[in-house]
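Trainee: Hi! I'm new to this one, could you walk me through it?
Mentor: Happy to, here it is.
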Amino acid sequence: MNRAGLLCLRRSLGLTVTSLAAAIGVTRRTVTRWEAGEPIYRLNAEALADLVAYTDQTVADLAAVHGPENPIVTYLTDESYRASRPERVVSAEWHQLVAWRAAEECGARIIYPET
């Protein structure tokens, strides 16, 4: 993957440089270097592919169980997202994008959890 492809991928996932680095277990500086043109090692490329697959599967899973009468819950902050879903290190911004993609597929509304 070249630098333009990585930048487009990162943005399509709704992730900042810092969020992408955390999600695949590298430093922010590493992602910045990749986006500047340094090569991505195979293991890191596999981690990126896994993140894309996880994102796509999460969209499919949400779309399968939600619809016009069953809204999708998303989160305003990373803290509220991670408190609800500690199993994966991604950002609330990522989840918002996932929720939007799923809502587009199934016609669900998107809401924030009740406080």
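Mentor: We'll talk about one residue first and then about a helix and its neighbours. This is a predicted model, where local features need pLDDT of at least 70, side-chain atom pairs count only at pLDDT 80 or more, and totals for chains, interfaces and linings use all residues. Residues are numbered from 1 along each chain as its sequence is written, and side-chain values use heavy atoms, with hydrogens and water left out.
Trainee: Cool. Is Thr 55 buried or exposed?
Mentor: Thr 55 is buried, at a relative accessible area of 1%; buried means under 20%, exposed over 50%, partly exposed in between (1.4 Å probe, protein chains only).
Trainee: And where does Thr 55 lie?
Mentor: In helix H4, residues 42-65. Helices (H or I, at least four residues) are DSSP runs, numbered from the N terminus.
Trainee: What is Thr 55 in contact with, neighbours within four places in sequence aside?
Mentor: Leu 13, Trp 94, Val 98 and Arg 101, where contact means heavy atoms within 4.5 Å.
Trainee: New topic: which residues are buried in H3?
Mentor: Thr 30, Val 31, Trp 34 and Glu 35, in a helix that spans residues 28-35.
Trainee: What do they pack against?
Mentor: The buried residues of H3 pack against helix H1 (3-12), helix H2 (17-24) and H4.
Trainee: Which residues meet between H1 and H3?
Mentor: From H1, Arg 3, Leu 6, Leu 7 and Arg 10 meet Val 31, Trp 34 and Glu 35 of H3.
Trainee: And what follows H3?
Mentor: Gly 37 does, with a positive phi near 120°.

Note on methods: Helices (H or I, at least four residues) and strands (E, at least two) are DSSP runs, numbered from the N terminus.
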